[in-house]
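Dear colleague, please find below a short note on the structure under discussion. The points are numbered so that each may be taken up separately.

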Amino acid sequence: MQQIRDFIEDQFLIEFDESFPETSDLFKEGVMDSFGYIQLIRFLEKEFDIKFSEQEMTANVMVSLSLIEKTVSRKLSESITD
Amino acid sequence: MCGIAGIIDPSRFADTLVNDVQNMLAQIGHRGPDGAGCVVDNGFALGSVRLAILDPDAGQQPFSDPSNRYWLSYNGEIYNYLELKSELEAMGCRFQTNCDTEVVLNAWMIWGPDCLRRFNGCFSFALYDCKTESLYLARDRFGKRPLFYVRQGNAFYFASEMKAFLAIPSISFEQDAGQLASILCVWTPLPDQTGFKEIKSLPMGQWLTLKNGELTTESYAELRFDEEPQPDDEHAAQDLIRERMNRSVELRLRSDVEVGVYLSGGIDSSIVALLAKDFSTKPLSTFSVEFDDAEFDESSDQQLISEYLGTRHCAERISYQDICDQTPAAVYHAEVPAFRSAFVPMYILSDRTRREGVKVVLSGEGADEAFLGYDLFKETLLRTSWDQLSGEVRRSRIQELYPHLAHYGPEDTAAMTGLYQQFSKERMPGLFSHELRFQNGQFSTRLLKDKNTPLAAITDLISSTPDYDALSPVEKAQWLEYKTLLPGYLLSTQGERMSLAHGVENRCPFLDPDVFSLATAINLKFDDGLREKRLLREAFRNRLPDRIIEKRKFPYRAPDAAAFAKHRPDYLDLVLSDAELAKLPFLNAAFAKRLANKVLTKPASDISTKENQTFLYLLSISLLHRSFVRRETLPLATLPPLEKVINLQRETAAQERPYLSHGNLSSLT
């Protein structure tokens with residue numbers, strides 16, 4: 001999951017630390033906009049060879065690093081189970 | 001068009017004020033290169049620089065009534081001045097000139113501040129009443145003409161542009177981190193903001209009184225959406241559009257010098273050019289910017305209209321190099337931070353316009369706000385009805401929203417649907433329509449060490465606006481546009497500050513009060529708003545080429561960071577060097593440098609809109625700091641030829657003056 005953190009830090013010019021925890025809402029903090037969001041989704045789908053359903057993307061699960069990591073882990077384990 | 005400046009200071013004698021007011025005028029000489037004038041007395045000085053448009057031989061300012069009680073420095077045009085003049089003549093007023101300046105003065109003398117509601121035009125003025133020792137400042141309803149002021153103890157300074165205050169050493173230009181946070185988030189200064197701590201802007205539609213050291217401001221023109229009844233049907237609506245636009249353009253062609261048209265290639269300026277051509281007896285001149293970069297270029301549509309109407313067309317082609325070369329000068333004239341570079345080509349275009357011998361132009365600004373031309377309005381409609389729409393409709397509407405942005409394309413629609421889901425409920429009270437914009441704007445506030453509360457000022461503004469809550473979501477969106485982007489950038493930074501930098505006056509037929517009130521009565525009454533400006537297009541369908549009528553809104557933009565990345569002008573040191581960044585104490589220098597490095601080194605396709613914007617903010621804030629705070633690289637101030645200097649203390653014996661201004665000197669001396 002380090003690559004997700006690296007991507008977000010690099011793309012959005014931030015560093016996760018005590019003042020900016022992994023649970024921060026990237027939209028509310030003004031870190032991510034529509035362009036960045038699309039970049040992030042494209043990156044995750046390519047990097048982990050997964051595909052997000054529209055339902056997943058509309059369920060507010062992709063707004064913070066911790067939620068994104070959780071979602072990606074879940075999808076990866078699902079694909080292994082499948 | 002003109003520039004005005006003045007000083008109220010009861011502790012100063014007339015003689016000592018002459019130099020100061022003339023030095024202030026010299027700083028804004030570009031606004032009125034045809035002549036300068038001032039009047040001074042103990043305690044007050046009033047001045048103006050003049051761009052002679054109406055009755056050029058008789059309009060020297062400051063202008064006074066025969067008794068010398070009232071003195072007026074006036075910037076602007078009252079388009080309905082002939083009608084007002086007839087009304088005033090019927091009431092017994094006698095006029096010596098054919099200038100609207102004299103009409104403004106008489107209107108104030110007869111009606112007082114109530115005259116402001118009668119004015120159809122763009123104006124700001126200062127009027128001093130020697131009898132009551134009161135100063136009045138006023139500004140037009142849409143904020144077309146600027147007016148700034150500074151208060152220091154008993155001293156009060158005002159001017160059309162802030163750079164006039166550079167002539168007063170005691171006035172500091174300290175950048176205000178709190179205001180900057182709001183500007184970065186909202187895109188523009190709010191009506192009373194300037195970005196500088198000590199300097200205020202008089203908001204649009206207000207007048208200010210300074211009397212006995214007490215300062216008050218009052219509104220005379222609130223933005224209302226319920227002042228006109230809905231027409232019976234769509235045909236009646238279209239007839240009214242044609243009628244009001246005809247009248248508006250006819251009024252705005254009142255001038256004793258040639259009037260040209262800025263042609264963007266879109267429907268709005270094409271309508272303006274068409275109607276101007278209808279009323280012109282001489283060949284019409286049109287002016288446009290073209291771009292080397294095809295992404296921004298509309299020259300084929302500009303040429304189509306020019307040929308269709310048979311205009312004398314002048315096009316200025318803009319390269320990346322031009323953007324780099326002219327940005328510092330354009331920012332100096334803009335005076336406030338800018339979020340994009342599109343104002344720079346307008347600076348270059350006004351220079352060309354003036355060299356072509358034209359000093360008045362009409363343009364299409366105000367049409368998108370009035371007739372719902374922006375995608376923002378469609379986005380507001382979509383998000384408002386989100387919960388009622390099927391997934392299929394949501395997807396198709398998203399794809400139609402911003403076709404010029406690649407990430408709104410079909411392959412990313414699912415992800416975009418997810419994004420919009422998050423913005424389907426109001427999260428920022430009263431600001432629903434602008435939440436995506438302001439959310440993105442918060443990224444730019446990372447330039448500041450202390451982000452403060454960037455939305456506090458605009459939240460206060462809407463909270464203090466009567467009846468704002470009762471507006472519909474789209475009307476709120478319009479209201480916000482009329483108070484932020486339109487006056488704070490389009491009319492100022494991209495509009496009159498750029499045109500007046502080269503002595504060109506711009507007039508906007510879509511900002512006629514009757515056109516605005518008609519638009520409020522017909523918007524969304526005969527359609528669902530999904531085809532932007534549909535009624536306006538249909539009203540002129542048979543008068544313009546179909547290609548223009550059918551053309552989708554093409555946002556006017558110019559090359560942003562890519563231009564600077566390519567040519568690397570020397571002044572980029574301001575945003576790349578640690579030593580330079582350290583000069584701006586409020587800046588988060590580490591983030592600023594990281595952003596600048598990314599924007600200037602990565603491929604343009606990797607740079608998001610908000611990063612582009614943030615870079616432009618950083619660059620413009622740094623350039624403003626260099627010019628205004630550090631007062632480096634300032635252009636030479638030149639006073640236009642002096643036409644009129646009146647020292648009321650010297651020129652008239654006290655006993656002959658019924659309204660001698662004493663200020664408080666008697667108590668001081």
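What is the order of the strands in the open sheet of five strands of chain B, and with what pairing? The points below begin with that sheet; please bear in mind throughout that the model is predicted.

1. The sheet of five strands. The order is β15-β14-β13-β16-β17 in chain B, the sheet is open, and the pairing is parallel. Strands β15 (312-318) and β17 (505-507) of chain B each have a single partner strand and stand at the edges, so one side of each lacks a neighbour in the sheet. Direction ignored, neighbouring strands of this sheet are turned against each other by 30° on average.

2. Pairing and a helix on this sheet. Seven bridges link strand β14 (residues 285-291) of chain B with β15(B) in the parallel sense. Within this pair, B:S288 is found opposite B:A315 of β15(B). Helix α8 (residues 299-309) of chain B packs on the sheet and touches β14 and β15 of chain B. The direction of α8(B) makes about 165° with that of β14(B).

3. Helix α10 of chain B. This helix lies across β13 (259-262), β14, β15 and β16 (360-362) of chain B. Relative to β15(B), α10(B) runs at about 140°. Helix α10 (residues 343-355) of chain B also meets helix α19 (residues 492-500) of chain B: the two axes come within 8 Å and cross at roughly 25°. The crossing angle therefore makes α10(B) roughly parallel to α19(B), the cut-off for that term being under 35 degrees. The contact involves B:F343, B:M346, B:Y347 and B:S350 on the side of α10(B), and B:T493, B:Q494, B:M498 and B:S499 on the side of α19(B). By class, the residues of this contact are four nonpolar and four polar, with no charged residue. The crossing of α10(B) past α19(B) is right-handed.

4. Helices α6 and α7 of chain B. Helix α6 (residues 234-252) of chain B packs against helix α7 (residues 267-279) of chain B at an angle of about 65°, and their axes are 9 Å apart. The angle therefore makes α6(B) roughly perpendicular to α7(B). From α6(B) the contact takes B:M245, B:N246, B:V249 and B:E250, and from α7(B) it takes B:I271, B:V272, B:L275, B:A276 and B:F279. Seven of these contact residues are nonpolar, one is polar and one is charged. Here too the crossing, of α6(B) past α7(B), is right-handed.

5. The sheet of seven strands. Chain B also has an open sheet with the order β10-β8-β9-β1-β3-β2-β18, in which the pairing is mixed. Its edge strands, β10 (199-201) and β18 (642-647) of chain B, each pair on one side only. From one strand to the next, the twist averages 10°. Strands β2 (residues 35-41) and β3 (residues 44-50) of chain B run antiparallel and are joined by seven bridges. In this pair, B:G37 has B:S48 of β3(B) as its bridge partner. Helix α1 (residues 14-27) of chain B lies across β1 (2-8), β2, β3, β9 (155-159) and β18 of chain B, and runs at about 155° to β2(B).

6. Helices α1 and α2 of chain A. Helix α1 (residues 2-12) of chain A packs with α2(A) at an angle of about 150°, the axes being 11 Å apart. The two helices are therefore roughly antiparallel to each other. A:Q3, A:F7, A:Q11 and A:F12 of α1(A) meet A:G36, A:Q39, A:F43 and A:E47 of α2(A). The residues of this contact comprise three nonpolar, four polar and one charged.

7. The contact between the chains. Chain A contributes 16 residues and chain B contributes 22 residues. On the side of chain A that touches chain B, α2 (34-48) and α3 (54-57) of chain A each supply at least two residues. The most is given by α2(A), with six residues. That side of chain A comprises nine nonpolar, five polar and two charged residues.

8. Confidence in chain A. The mean pLDDT of chain A is 85, and 95% of its residues reach 70 or more. Within chain A, confidence is highest in α1(A), at a mean of 91, and lowest in α3(A), at 76. Where pLDDT is low, predicted coordinates should not be read in detail.

How values were computed:
Residues are numbered from 1 along each chain as its sequence is written. Chains are lettered from A and ligands numbered from 1 in the order in which they are written. This is a predicted model: local features need pLDDT of at least 70, side-chain atom pairs count only at pLDDT 80 or more; totals for chains, interfaces and linings use all residues. Two residues are in contact if their C-beta atoms, placed from the backbone, lie within 7 Å. Helices (H or I, at least four residues) and strands (E, at least two) are DSSP runs, numbered from the N terminus. Ala, Val, Leu, Ile, Met, Phe, Trp, Tyr, Cys and Pro count as nonpolar, Asp, Glu, Lys and Arg as charged, and the others, Gly among them, as polar. Axes are lines fitted to C-alpha atoms, for helices over the stretch in contact, and angles run from 0 to 180 degrees between N-to-C directions. Angles under 35 degrees count as roughly parallel, over 145 as roughly antiparallel, 65 to 115 as roughly perpendicular and the rest as oblique. A crossing is left-handed if the near helix is turned anticlockwise from the far one by less than a right angle, and right-handed if clockwise. pLDDT is the predictor's confidence in each residue, from 0 to 100. Two strands pair if DSSP finds at least two bridges between them.
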